[in-house]
Amino acid sequence: MMRGGWWRRLGAGVLALALPGCEIPKEINPVEIYRTVSGEADAGRLPPPGMDRPRPSLGSVPPRPERPPPEARDAISAALALNRTQSREPLALRTVPAPPAAGVAPGEP
């Protein structure tokens with residue numbers, strides 16, 4: 001009889017029981033890779049919205065609009081520059097704040 005033979009059988013039995021418990025990540029699992037590549041993974045999903053409508057025709061795209069005259073573009077640029085300079089200034093109060101009520105100390109409700 002071989003010495004240590006039952007240890008080998010025991011080790012093989014433990015290994016056989018432990019292997020089915022291992023989980024292969026989806027990124028390297030050949031079965032999941034095949035399902036993703038073949039489209040089986042997407043079989044139960046709903047189609048994207050708009051797939052039942054016909055494809056749009058490039059002939060229906062409107063022509064490019066006419067460019068406005070240089071004077072109108074300059075007026076728009078000047079208005080944008082004025083808005084930019086005004087946005088850098090601190091805001092002015094539109095109303096005067098109400099005076100504090102008499103007899104109430106600051107911080108008291």
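Just after α2, G39 adopts a positive phi of about 95 degrees in this predicted model. The helix that precedes G39, α2, spans residues 30–38. At the start of α2, a polar contact is found: a side-chain oxygen of N29 comes to within 3.2 Å of the backbone nitrogen of V31. N29 itself lies in the loop between α1 and α2. With a relative accessibility of 17%, N29 counts as buried, because the cut-off for burial is under 20% relative accessible area. Burial applies to 3% of the 109 residues of the protein chain.

Helix α2 also contains a salt bridge, formed by E32 and R35, whose closest N and O atoms are 3.9 Å apart. The two residues are three positions apart in α2, so about one helical turn separates E32 from R35. The separation of 3.9 Å falls within the 4 Å cut-off used for a salt bridge. R35 is partly exposed, its relative accessible area being 29%.

A salt bridge also links the side chains of R45 and D42, with an N to O distance of 3.5 Å. R45 is exposed, at a relative accessible area of 60%, whereas D42 is partly exposed, at 43% relative accessibility. The count of salt bridges comes to two. Side chains of opposite charge can pair when their charged atoms come close.

The secondary structure of the protein chain consists of three helices and zero strands. Along the sequence, these elements give the pattern α-α-α. Helix α1 covers residues 5–18, helix α2 covers residues 30–38, and helix α3 covers residues 70–87. The accessible surface of the protein chain amounts to about 11300 Å². Carbon and sulfur atoms account for 63% of that surface.

Confidence in the prediction varies along the protein chain. The average pLDDT of the chain is 81, and 75% of the residues score at least 70. Helix α1 has the lowest confidence, with a mean of 66. Helix α3 has the highest, with a mean of 95.

Terms used: Residues are numbered from 1 along each chain as its sequence is written. This is a predicted model: local features need pLDDT of at least 70, side-chain atom pairs count only at pLDDT 80 or more; totals for chains, interfaces and linings use all residues. Side-chain values use heavy atoms; hydrogens and water are left out. Helices (H or I, at least four residues) and strands (E, at least two) are DSSP runs, numbered from the N terminus. Buried means under 20% relative accessible area, exposed over 50%, partly exposed in between (1.4 Å probe, protein chains only). Accessible areas come from the Shrake-Rupley method with a 1.4 Å probe; for residues, only the protein chains shown count as cover. pLDDT is the predictor's confidence in each residue, from 0 to 100. A polar contact is a pair of N or O atoms within 3.5 Å; within protein, one must be able to donate a hydrogen and the other to accept it, and residues adjacent in sequence count only if both atoms are side-chain atoms.
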